[in-house]
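Please read the points below with the coordinates open. They cover the interior, the cysteines, the aromatic rings and one polar side chain.

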Amino acid sequence: QVQFVESGGGWVQPGGSLRLSCSVAGFTFTKYTMSWIRQCPGKGLEWVSSIDKDGENPSYRNDVKGRFTISRDNTENTLYLQMDNLQPDDTAMYYCAKGRPGEPVYQREGQGTQVTVSS
């Protein structure tokens with residue numbers, strides 16, 4: 001059974017930092033690109049970042065470039081998202097996913113972790 005368990009969210013003031021984690025099970029983690037997806041209040045799901053199966057070639061949406069860093073630990077089947085200089089527009093439920101949106105292997109089934117940025 002595929003499982004995604006996201007954690008690390010919380011409330012921070014603008015300019016603060018959080019590190020999200022996603023522990024996965026039920027598939028061979030090392031074979032897949034992994035992604036972070038978010039849903040901001042009142043908006044649809046949006047892609048945030050992806051990293052390939054070897055932990056290389058990270059990619060980011062434009063508005064988080066330079067502030068967010070995606071990484072993975074293939075020995076622990078865990079995906080990370082370091083988020084620095086958080087802004088109110090980053091407030092969202094964050095999810096991890098297998099593959100990239102639109103790919104046949106794309107799968108997102110976790111409960112997500114809530115990030116709230118406000119003063």
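The numbered points below concern a predicted model.

1. Core. The largest nonpolar core has 26 residues. Those that touch the most other members are Val24, Trp36, Phe68, Leu79, Leu81, Met83 and Tyr94. At least two core residues come from each of β3 (18-25), β4 (34-39), β5 (45-51), β7 (68-73), β8 (78-83), β9 (92-98) and β10 (113-117). Strand β3 gives the largest share, four residues. As general background, nonpolar side chains in soluble globular proteins tend to be buried together.

2. Leu79. This residue is a useful place to start in the core. Beyond its neighbours within four places in sequence, Leu79 is in contact with Leu20, Ser21, Cys22, Phe29, Met34, Ser35, Trp36, Ile51, Ile70, Ser71, Arg72 and Cys96. The list includes Cys22 and Cys96, the two cysteines that are joined by a disulfide.

3. Disulfide. How many disulfides does a search of the whole structure find? There is one, between Cys22 and Cys96, with an S to S distance of 1.8 Å. Cys22 belongs to strand β3 and Cys96 to strand β9; the two are 74 residues apart, and the pair links distant parts of the chain. Both Cys22 and Cys96 are buried.

4. Cys40. Why does the sulfur of Cys40 form no bond to the closest cysteine sulfur? That closest sulfur, in Cys96, is 17 Å away, which is too far for a bond; the cut-off for a disulfide is 2.5 Å between the sulfur atoms. Cys40 is nevertheless buried, at a relative accessible area of 6%.

5. Aromatic pairs. The structure holds two aromatic pairs. In one of them, Phe4 and Phe27 are tilted, with 5.8 Å centre to centre and 40° between the planes. Phe4 is in strand β1 (residues 3-7) and Phe27 is in the loop between β3 and β4, so this pair ties together parts that are 23 residues apart in sequence. Phe4 counts as buried at 6% relative accessibility, and Phe27 counts as buried at 14%.

6. Tyr32 and the cluster. Phe27 also pairs with Tyr32, edge-to-face, at 5.7 Å centre to centre and 80° between the planes. Tyr32 is partly exposed because its relative accessible area is 23%, and buried means under 20%. Phe4, Phe27 and Tyr32 make up one aromatic cluster.

7. Arginines over rings. Two tyrosine rings should be inspected together with their arginine partners. Arg19 lies over the face of Tyr80, 3.9 Å from the ring centre. The charged end of Arg108 sits over the ring of Tyr95, at 4.5 Å from its centre.

8. Ser49. Is Ser49, in strand β5, buried or exposed? Ser49 is buried, because its relative accessible area is 0%. Which backbone oxygen does the side chain of Ser49 reach? The partner is the backbone oxygen of Ser59, at 2.8 Å. Not counting residues up to four places away in sequence, Ser49 touches Met34, Ser35, Trp36, Ser59, Tyr60, Ile70 and Leu81. Among these, Trp36 and Leu81 are also listed with the core residues that touch the most other members.

Key. Residues numbered from 1 in each chain as written. Predicted model: local features only at pLDDT ≥ 70, side-chain atom pairs only at ≥ 80, totals over all residues. Heavy atoms only, no water. Core = buried A, V, L, I, M, F, W, Y, C linked by side-chain atoms within 4.5 Å. Buried < 20%, exposed > 50% of the residue type's maximum accessible area, 1.4 Å probe, protein only. Contact = heavy atoms within 4.5 Å. Phe/Tyr/Trp six-rings, centres within 6.5 Å; stacked < 30°, edge-to-face > 60°. Lys NZ or Arg CZ within 6 Å of the ring centre and 35° of its normal. Polar contact = N/O pair within 3.5 Å; in protein donor to acceptor, adjacent residues only side chain to side chain.
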